[in-house]
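Biologist: I'm new to this one and keep tripping over the vocabulary. Could we look at it together?

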Amino acid sequence: MKTEKPGNVGLRTRSLKTASTEPRVPRGWHSRGYLPHFDSNDVIQHVTFHLADSLPKETVERLLAKIQQLDPNQRDIEKRRNLEALVDAGHGACWLRRPDCARIVQDALLHFDGERYRMIAWVVMPNHVHTLFQTLPGWSMNTVVGSWKTFSANAIGRLVRQPDKPLPRIWHPEFWDRFIRDKKHFASALAYIHNNPVKAGLATRPEDWPWSSAGNVPPGHAGLRTRSSKPASAEPRVPSKGHP
């Protein structure tokens with residue numbers, strides 16, 4: 001039986017389940033590839049995920065070789081900063097520039113808001129997505145992000161697939177996450193997300209970009225407050241040190 005929400009016609013709950021073996025319980029510090037992750041229900045997360053062809057392989061390899069010369073404490077900072085700049089450059093097919101593809105992603109982000117996570121802000125860019133959210137008890141960041149990517153990859157793949165060819169690879173397997181440290185960091189992350197289309201020259205004002213929480217809330221999500229979203233009552237909790 002399919003479960004649908006207003007404003008998400010055709011979006012099935014079952015389709016958004018991930019087939020991976022990722023545990024639902026947050027894992028704390030861990031690594032899934034070349035980036036470290038901190039997974040906890042106690043913090044708000046700024047998560048970025050991007051299309052598979054948005055980072056040229058040769059460029060990434062040169063970057064990773066370059067940062068090996070840096071102090072270990074600076075490597076993750078420089079790696080993340082440079083990778084984000086590469087994604088913002090707009091490499092690849094940029095399938096999310098298509099309204100039908102962007103809508104698929106936005107609907108997926110909002111579908112389980114209030115059930116698996118609290119969605120605070122988001123923006124769907126031509127080749128990547130920024131989100132600001134907090135997982136609810138019983139759900140891990142990996143599981144939530146994995147379900148977004150699995151569902152949207154299947155739906156987008158069917159739209160962009162060329163005749164007589166297999167479904168293309170849509171998302172890069174990695175994602176980037178930063179837990180929110182305090183109110184200042186929260187405000188900075190929120191501004192970064194909403195201003196991304198303006199910075200990229202895609203819109204004059206943040207609220208003019210249709211695939212963002214800076215603009216009008218999509219139909220069926222009238223109760224979702226985005227512009228005035230604040231961290232829950234108290235300061236967001238800062239996880240204990242233990243970076244790998």
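Modeller: Sure, and let's start with a word we'll need: a residue is called buried when its relative accessible area is under 20%. By that rule Tyr-117 is buried, and so is Phe-133. Bear in mind that this is a predicted model.

Biologist: What makes Tyr-117 and Phe-133 an aromatic pair, and why is it called edge-to-face?

Modeller: Rings pair if their centres lie within 6.5 Å, and planes over 60 degrees apart count as edge-to-face. A search of the whole structure finds 5 aromatic pairs. In the one formed by Tyr-117 and Phe-133, the centres are 6.0 Å apart and the planes meet at 70°, so both tests are passed. The pair also links distant parts of the chain, with Tyr-117 in strand E4, Phe-133 in strand E5 and the two positions 16 residues apart. Both rings belong to a cluster that ring pairs build with Phe-49, Trp-148 and Trp-171.

Biologist: How do you know that strand E3 is largely enclosed?

Modeller: Count its buried residues: 7 of the 7 in E3 (residues 45-51) are buried, so the rest of the structure largely encloses this strand.

Biologist: And what makes E3 and E5 paired strands?

Modeller: The rule asks for at least two bridges. E3 and E5 (residues 128-135) have 6 and run antiparallel, so they pair. One of the bridge partners is Thr-131 in E5, matched with Val-47. E3 also pairs with E6 (residues 171-179), again antiparallel and over 6 bridges; there, Gln-45 has Phe-179 as its bridge partner.

Methods
Residues numbered from 1 in each chain as written. Predicted model: local features only at pLDDT ≥ 70, side-chain atom pairs only at ≥ 80, totals over all residues. Heavy atoms only, no water. Buried < 20%, exposed > 50% of the residue type's maximum accessible area, 1.4 Å probe, protein only. Helix = DSSP H or I, 4+ residues; strand = E, 2+ residues; numbered from the N terminus. Phe/Tyr/Trp six-rings, centres within 6.5 Å; stacked < 30°, edge-to-face > 60°.
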